[in-house]
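This report concerns the structure shown below. The account takes up loop residues, cores, strand pairing and helix packing in turn.

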Amino acid sequence: MSRIVVVSNRVAVPQRSGVTAGGLAVAVNAALKDKGGIWFGWSGRICPEPSEIPEVTRKAGITYAVVDLKAEDHQEYYNGFANRVLWPVLHYRVDLSEFFRSDLSGYIRVNRKFADHLEKIIRPDDILWIHDYHMMPLAKYLRERGHRNRIGFFLHIPMPPSDIVQALPQHGETVGALAYYDLVGFQTEGDRDNFAHYLETRGGQMTPDGTGVDIGGRRVKLGTFPVGIETAAFARRARHASRAAFVKSFRDSLVGKKLIIGVDRLDYSKGIPNRLDAYEHFLKTRPDWHERVTFVQITPKSRTDVPEYQEMDRYVSHKAGQINGAYSDVSWTPLRYVNRTYSRSALAGFYRAAHVAMVTPLRDGMNLVAKEYVAAQDPVDPGVLILSQFAGAAAEMGTGALIVNPHDTEGMANALRRALEMPLAERRERYARMMQVLEARDIDRWAADYLAALAPETATTERRALSLPRAAIRSVVRLPGAWRSDFLPRGV
């Protein structure tokens with residue numbers, strides 16, 4: 001069997017201080033736990049002279065290979081281009097992107113370094129699975145070095161329409177470089193279709209069966225693979241956490257009031273200000289709910305050195321104070337705004353205690369908080385999920401959640417009232433529909449489906465055109481000039 005090599009920006013090496021095992025770590029474990037393999041990426045450390053050889057750790061059948069970065073590389077590749085350009089553009093916020101050619105150069109330089117390191121550890125029959133926007137051009141640089149492995153890419157965040165992608169300076173060097181992968185996976189069909197159309201604007205043609213695009217003498221397969229969670233394990237975690245002293249103390253502090261919860265990293269894509277506006281409107285228009293409900297918004301701060309995030313922190317903190325100043329009483333605080341990180345077990349207990357969860361991002365790839373909240377519920381007395389139509393999870397959870405437009409303040413306030421007043425029978429029915437999806441499409445199914453789609457083809461048809469001379473490919477594909485130099489595989 002081919003060995004699996006997973007590549008991501010950060011690697012959660014077991015027992016390494018400062019690295020938390022959540023999110024991507026759960027997904028990678030699902031891919032590697034039975035077959036073993038390698039997880040390669042940045043160590044999280046910055047040092048003046050990084051080693052030219054990856055640091056290797058082996059545990060439970062998985063090999064962890066990590067490299068350090070220089071301060072300049074980290075600033076340009078990660079803080080600069082990845083998070084100040086790609087993140088906002090791919091979340092439909094072109095207005096917030098700050099493009100500098102030096103940052104793009106750093107992004108390309110670091111991806112080339114990753115390719116150099118990977119070249120030292122991969123075998124010809126390895127299957128490579130690259131994750132997320134930090135490493136879009138990595139397959140291109142591996143192809144340039146002569147590697148013909150099966151290489152797949154999965155985008156964990158949204159893929160906007162082609163006209164937004166084309167607002168990204170030199171988009172062909174980043175988003176366009178995804179054409180070098182054998183399989184590109186997305187969270188939703190909309191994301192997949194947006195990328196397919198983008199490739200068509202670059203000279204690509206959809207395959208007859210609609211599963212991929214022929215471009216640059218290659219066929220790139222496209223697929224939809226909604227990320228799941230460890231459904232059964234998280235449900236068990238929530239049951240156990242609900243009996244913990246910490247969670248019991250939290251429930252006691254509510255003094256019988258119904259709990260609304262929001263859990264988000266501090267980021268402009270999460271729609272936290274819109275959510276607080278909706279809660280304020282709810283309190284203003286429904287005085288009968290005063291002193292009967294408490295909203296807990298848990299928001300760990302992130303990217304605190306970025307001005308946009310600093311400004312958002314100030315605004316949200318001011319808004320929380322404004323709500324409490326207008327509506328609180330000596331015996332009631334309507335909003336608790338908490339800027340700290342909690343363990344997954346603690347969050348599972350909080351979710352189970354909450355009567356309503358507000359998961360209302362302005363744009364999100366999937367949003368696993370929505371799925372974890374549902375999995376954590378007590379089937380006998382489940383809570384209600386209020387979910388943004390712009391979260392990837394809405395495509396799967398729409399049959400049970402209350403779907404809202406986060407830009408509609410009054411609509412969200414009405415959904416909040418409906419959720420708090422929803423009869424038990426309806427709550428159970430909605431919960432059952434969502435759990436059916438979560439159990440059928442858990443994290444193991446996600447990893448298995450993706451790797452099955454990426455596995456080497458067994459059909460007799462050969463991969464196209466890699467041995468044809470350059471002139472022959474141009475005559476068949478009629479590539480635009482930009483594609484001739486940038487997107488033909490090496491040696492063609």
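## Loop residues with positive phi

Glutamine 170 is found in the loop that links α5 (162–165) to β7; helices (H or I, at least four residues) and strands (E, at least two) are DSSP runs, numbered from the N terminus. The model is predicted, and local features need pLDDT of at least 70, side-chain atom pairs count only at pLDDT 80 or more, while totals for chains, interfaces and linings use all residues. Residues are numbered from 1 along each chain as its sequence is written, and side-chain values use heavy atoms, with hydrogens and water left out.

Most residues other than glycine have a negative phi. Glutamine 170, however, has a positive phi near 55°, and this residue is partly exposed, with a relative accessible area of 36%. Buried means under 20% relative accessible area, exposed over 50%, and partly exposed in between (1.4 Å probe, protein chains only). Asparagine 367, in the loop between β14 and α12 (368–376), also has a positive phi, of about 80°, but counts as buried at 9% relative accessibility.

## Nonpolar cores

A nonpolar core is a set of buried Ala, Val, Leu, Ile, Met, Phe, Trp, Tyr and Cys residues joined through side-chain atoms within 4.5 Å. The largest one holds 92 residues, and Phe114, Leu138, Phe195 and Tyr279 touch the most other members. Helix α2 (residues 71–90) supplies the largest share of this core, eight residues. Another core, of 38 residues, lies apart from it and includes Leu259, Ala354, Ala376 and Ala391.

Leaving aside residues up to four places away in sequence, phenylalanine 114 touches Phe40, Trp42, Val67, Leu69, Tyr77, Met135 and Leu138; contact means heavy atoms within 4.5 Å.

## Strand β6 and its partners

Five of the five residues of strand β6 (residues 150–154) are buried. Arg150, Gly152 and Phe154 point one way from β6, whereas Ile151 and Phe153 point the other way. Two strands pair if DSSP finds at least two bridges between them. The table lists parallel pairings of β6 and of strand β11.

| Strands | Bridges | Opposed residues |
|---|---|---|
| β5 (residues 127–131) and β6 | five bridges | Ile130 and Phe153 |
| β6 and β7 (residues 183–186) | three bridges | Gly152 and Leu183 |
| β11 (residues 258–263) and β12 (residues 293–298) | six bridges | Ile261 and Val296 |

A right-handed β-α-β unit is formed by β5, helix α4 (residues 138–144) and β6. Right-handed here means that, with the strands pointing away from the viewer, the path from the first strand over the helix to the second runs clockwise.

## The six-stranded sheet and its helices

Six strands form an open sheet with parallel pairing, in the order β13-β12-β11-β14-β15-β16. Because β13 (335–338) and β16 (402–404) each have a single partner strand, one side of each edge strand is left without a neighbour in the sheet. The twist averages 20° from one strand to the next. Axes are lines fitted to C-alpha atoms, for helices over the stretch in contact, and angles run from 0 to 180 degrees between N-to-C directions.

Helix α9 (residues 272–285) packs on the sheet, where it touches β11, β12, β13 and β14 (356–359), and its direction makes about 170° with that of β12. Helix α11 also packs on the sheet, touching β11 and β12, with its direction at about 140° to that of β11.

Helix α7 (residues 231–241) packs against helix α11 (residues 344–353) at an angle of about 80°, with axes 8 Å apart. The two helices are therefore roughly perpendicular, a term covering 65 to 115 degrees.

Technical notes
Parallel < 35°, antiparallel > 145°, perpendicular 65-115°, else oblique.
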